[in-house]
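Here are some notes for a colleague who is opening this structure for the first time. They take up the strand pairing, the disulfide and the pocket in turn.

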Amino acid sequence: VQLQASGGGLVQAGGSLRLSCAASGSTFSPNIMGWYRQAPGKQRELVASIRSGDSTFYVDSVKGRFTISRDNAKNTMFLQMNSLKPEDTALYFCKLTQYRLGVPYRDYWGQGTLVTVSS
């Protein structure tokens with residue numbers, strides 16, 4: 001499985017960006033796809049995730065501003081980011097976790113896409 005993330009860029013505070021993550025290969029279901037971010041000098045953190053059945057999770061800091069979605073037919077995941085803040089500045093990564101018999105089986109990571117929010 002290969003993941004290709006795109007959509008990052010430079011935006012002013014209050015603006016919007018839409019990230020995409022295209023998966024190729026045998027992604028298999030069930031799986032969970034997620035967006036992580038890593039700011040300079042900080043640990044990588046989970047931002048949002050979505051199961052193959054479409055249930056979602058958001059970290060508190062992005063609730064109400066970010067929306068995660070996926071198109072299972074196209075093996076693509078999206079992150080719509082609205083009302084961006086300077087503290088959202090980070091390298092954003094997408095991840096796919098395959099499950100077998102109810103337990104995580106294998107992780108795949110995409111390359112990062114940089115989001116920079118100016119004040």
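1. Which residue in S5 is the bridge partner of Arg-37? The partner is Glu-45. Please keep in mind here, and in every point below, that this is a predicted model.

2. That bridge belongs to a wider pairing. S4 and S5 are joined by six bridges and run in the antiparallel sense. S4 covers residues 31–38 and S5 covers residues 45–51. The two strands make a hairpin, and six residues lie between them. Within the turn, Gly-41 has a positive phi of about 80 degrees.

3. S4 also pairs with S9, the strand at residues 90–100. This pairing is antiparallel too, with eight bridges between S4 and S9. As one example to look up, Tyr-36 has Phe-93 as its bridge partner in S9. S4 thus has bridges to S5 and to S9.

4. How much of S4 is covered? Of its eight residues, seven are buried, and the strand is described as mostly covered.

5. S9 also carries one half of a disulfide, as Cys-94 lies in this strand. The other half is Cys-21, which sits in strand S3, residues 17–24. The two sulfur atoms are 2.2 Å apart. The pair links distant parts of the chain, with 73 residues from one cysteine to the other.

6. Two further details of this link are worth noting. The angle about the S-S bond is 70 degrees, and the link is right-handed. Cys-21 and Cys-94 are both buried. A search of the whole structure finds one disulfide.

7. Next, the largest pocket, which holds about 170 Å³ of space. Its lining is made up of 13 residues, and those closest to the centre are Ile-32, Met-33, Tyr-36, Leu-46 and Ser-49. Tyr-36 is therefore worth finding twice in the viewer: it is in this central group, and it is the bridge partner of Phe-93.

8. Which elements give two or more residues to that lining? They are S4, S5, S9 and strand S6, at residues 56–58. S4 gives the most, with four residues.

9. What is the lining made of, by class? Six of the residues are nonpolar, five are polar and two are charged.

Notes:
Residues are numbered from 1 along each chain as its sequence is written. This is a predicted model: local features need pLDDT of at least 70, side-chain atom pairs count only at pLDDT 80 or more; totals for chains, interfaces and linings use all residues. Side-chain values use heavy atoms; hydrogens and water are left out. On a 1 Å grid over the protein atoms alone, a cavity is a set of points where a 1.4 Å probe fits but cannot get out, and a pocket is an open set with protein on both sides within 12 Å along at least five of seven lines; lining residues have an atom within 4 Å of a point. Grid points are joined across faces, edges and corners, and a volume is the space filled by probe spheres set on the points. Ala, Val, Leu, Ile, Met, Phe, Trp, Tyr, Cys and Pro count as nonpolar, Asp, Glu, Lys and Arg as charged, and the others, Gly among them, as polar. A disulfide is a pair of cysteine sulfur atoms within 2.5 Å. Buried means under 20% relative accessible area, exposed over 50%, partly exposed in between (1.4 Å probe, protein chains only). Two strands pair if DSSP finds at least two bridges between them.
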